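Student: I should like to learn how to read the features of a protein model. May we go through one together, feature by feature?

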Amino acid sequence: MFRRASKAGSPDGQLAVVGRDAIDVVTELRHSQFFSGFSETQLKEMADLSVVRTYGEQEVIFNQGDPANSLHVVAAGSVALVRQITKAITGEKMQVTVDIVQAGQSLGWSALVEPHGYTVSARALGKVELIIIDSANLNLWLQGSATATLLVFKNLNTLLAQRLRRAYDTLNV
């Protein structure tokens with residue numbers, strides 16, 4: 001059943017109450033890039049595996065190098081993906097924003113692939129509502145559907161290609 005990280009959801013398990021608004025998790029997943037092509041039944045099952053959490057301005061969602069244990073879908077707001085790099089010549093460490101993830105986009109895909117570690121840090125840019133899916137539950141669910149697994153990895157390939165292009169664009173500035 002759908003769970004709310006900080007506030008109780010509706011009795012039907014599909015709506016999360018956020019202030020005066022309600023997030024319809026199935027609708028948000030339907031419009032997300034990561035779950036594109038999923039059937040209504042699959043989206044409802046995914047919503048049942050989900051938790052919605054609110055993050056405040058500049059709040060850290062996860063850090064680069066942390067174990068990756070959940071996939072996140074942005075329902076509202078924006079998230080900065082930041083990579084700590086070390087300059088080759090000087091050894092100076094610096095933070096580089098490699099992407100901004102917005103509503104309908106996902107982050108935390110490292111939870112689905114080895115070695116299961118976040119490759120960037122994620123930080124909320126203002127109030128952010130995230131749909132969070134535990135990777136162990138997601139992987140277990142995917143074992144029951146070859147079609148869903150194929151869709152997830154097809155969508156993951158698309159996401160990775162887009163993220164890589166944006167990272168290259170960031171580095172070329």
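Student: Which element supplies the largest share of the lining of the largest pocket?

Tutor: Please note before anything else that this is a predicted model. To read a pocket, one asks which residues line it and which elements those residues come from. Here α4 gives the largest share of the lining of the largest pocket, namely 4 residues. At least two lining residues each come from β6 (70–86), β7 (93–102) and α4 (146–171).

Student: What is the volume of the largest pocket, and which residues are the closest to its centre?

Tutor: Its volume is about 280 Å³. The lining has 16 residues, and the closest to the centre are Val-98, Trp-109, Thr-119, Val-120 and Arg-163. By residue type, the lining divides into 10 nonpolar, 3 polar and 3 charged residues.

Student: How many helices and strands does the protein have?

Tutor: There are 4 helices and 9 strands. Along the sequence they follow the pattern β-β-β-α-α-β-β-β-β-β-β-α-α. Of the 173 residues of the protein, 45% count as buried.

Student: Where do the buried residues of a helix such as α3 lie around its axis?

Tutor: One looks down the helix axis and notes the directions in which the buried residues point. In α3 (residues 135–142), the buried residues are Ser-135, Leu-138, Trp-141 and Leu-142. They fall within an arc of 125°, so they line one face of the helix. Ala-136 and Leu-140, on the other side of α3, are exposed. At the start of α3, a side-chain oxygen of Asp-134 comes within 3.1 Å of the backbone nitrogen of Ala-136.

Student: Which residues of helix α2 are buried?

Tutor: In α2 (residues 40–48) they are Gln-42, Leu-43, Met-46 and Ala-47. These residues cover an arc of only 140° around the axis, and therefore they sit on the same side of α2.

Student: How does one read a pair of aromatic rings, and how many aromatic pairs are there?

Tutor: One considers the distance between the ring centres and the angle between the ring planes; planes over 60 degrees apart count as edge-to-face, and planes under 30 as stacked. The count here is 4 aromatic pairs. One of them joins Phe-34 and Phe-35, with 5.2 Å from centre to centre and 70° between the planes, an edge-to-face arrangement. Phe-34 is buried at a relative accessible area of 0%, and Phe-35 is also buried, at 1%.

Student: Which kind of pair do Phe-62 and Tyr-118 form?

Tutor: Phe-62 and Tyr-118 are stacked, with 3.7 Å between the centres and 10° between the planes. Phe-62 belongs to strand β5 (residues 60–62) and Tyr-118 to the loop between β8 (106–107) and β9 (121–134), so the pair ties together parts 56 residues apart in sequence. Phe-62 has a relative accessible area of 5% and is buried; Tyr-118, at 6%, is buried as well.

Student: Which residues form an aromatic cluster?

Tutor: Phe-34, Phe-35, Phe-38 and Trp-141 form one aromatic cluster. Trp-141 has already appeared among the buried residues of α3.

Student: What should one look for in the backbone itself?

Tutor: Most residues other than glycine have a negative phi, and most peptide bonds are trans. One therefore looks for departures from these two general tendencies. In this model, the peptide bond between Glu-114 and Pro-115 is cis, with omega about 5°. Pro-115 is in the loop between β8 and β9.

Student: Which residue in that loop has a positive phi although it is not a glycine?

Tutor: His-116, in the loop between β8 and β9, has a positive phi of about 60°. His-116 is partly exposed, at a relative accessible area of 28%. Gln-58 likewise has a positive phi, near 65°. Gln-58 lies in the loop between β4 (50–55) and β5, and at 37% relative accessibility it is partly exposed.

Student: How can one see that residues far along the chain are brought together, and what separation do Ser-121 and Val-60 have?

Tutor: One compares the separation along the chain with the distance in space. Ser-121 and Val-60 are 61 residues apart along the chain, and 7.6 Å separates their C-alpha atoms. Ser-121 is placed in strand β9 and is buried, at 16% relative accessibility.

Notes: Residues are numbered from 1 along each chain as its sequence is written. This is a predicted model: local features need pLDDT of at least 70, side-chain atom pairs count only at pLDDT 80 or more; totals for chains, interfaces and linings use all residues. Side-chain values use heavy atoms; hydrogens and water are left out. Rings of Phe, Tyr and Trp (its six-membered ring) pair if their centres lie within 6.5 Å; planes under 30 degrees apart count as stacked, over 60 as edge-to-face and the rest as tilted. Buried means under 20% relative accessible area, exposed over 50%, partly exposed in between (1.4 Å probe, protein chains only). The arc is that of the directions from the helix axis to the C-beta atoms. A polar contact is a pair of N or O atoms within 3.5 Å; within protein, one must be able to donate a hydrogen and the other to accept it, and residues adjacent in sequence count only if both atoms are side-chain atoms. On a 1 Å grid over the protein atoms alone, a cavity is a set of points where a 1.4 Å probe fits but cannot get out, and a pocket is an open set with protein on both sides within 12 Å along at least five of seven lines; lining residues have an atom within 4 Å of a point. Grid points are joined across faces, edges and corners, and a volume is the space filled by probe spheres set on the points. Ala, Val, Leu, Ile, Met, Phe, Trp, Tyr, Cys and Pro count as nonpolar, Asp, Glu, Lys and Arg as charged, and the others, Gly among them, as polar.
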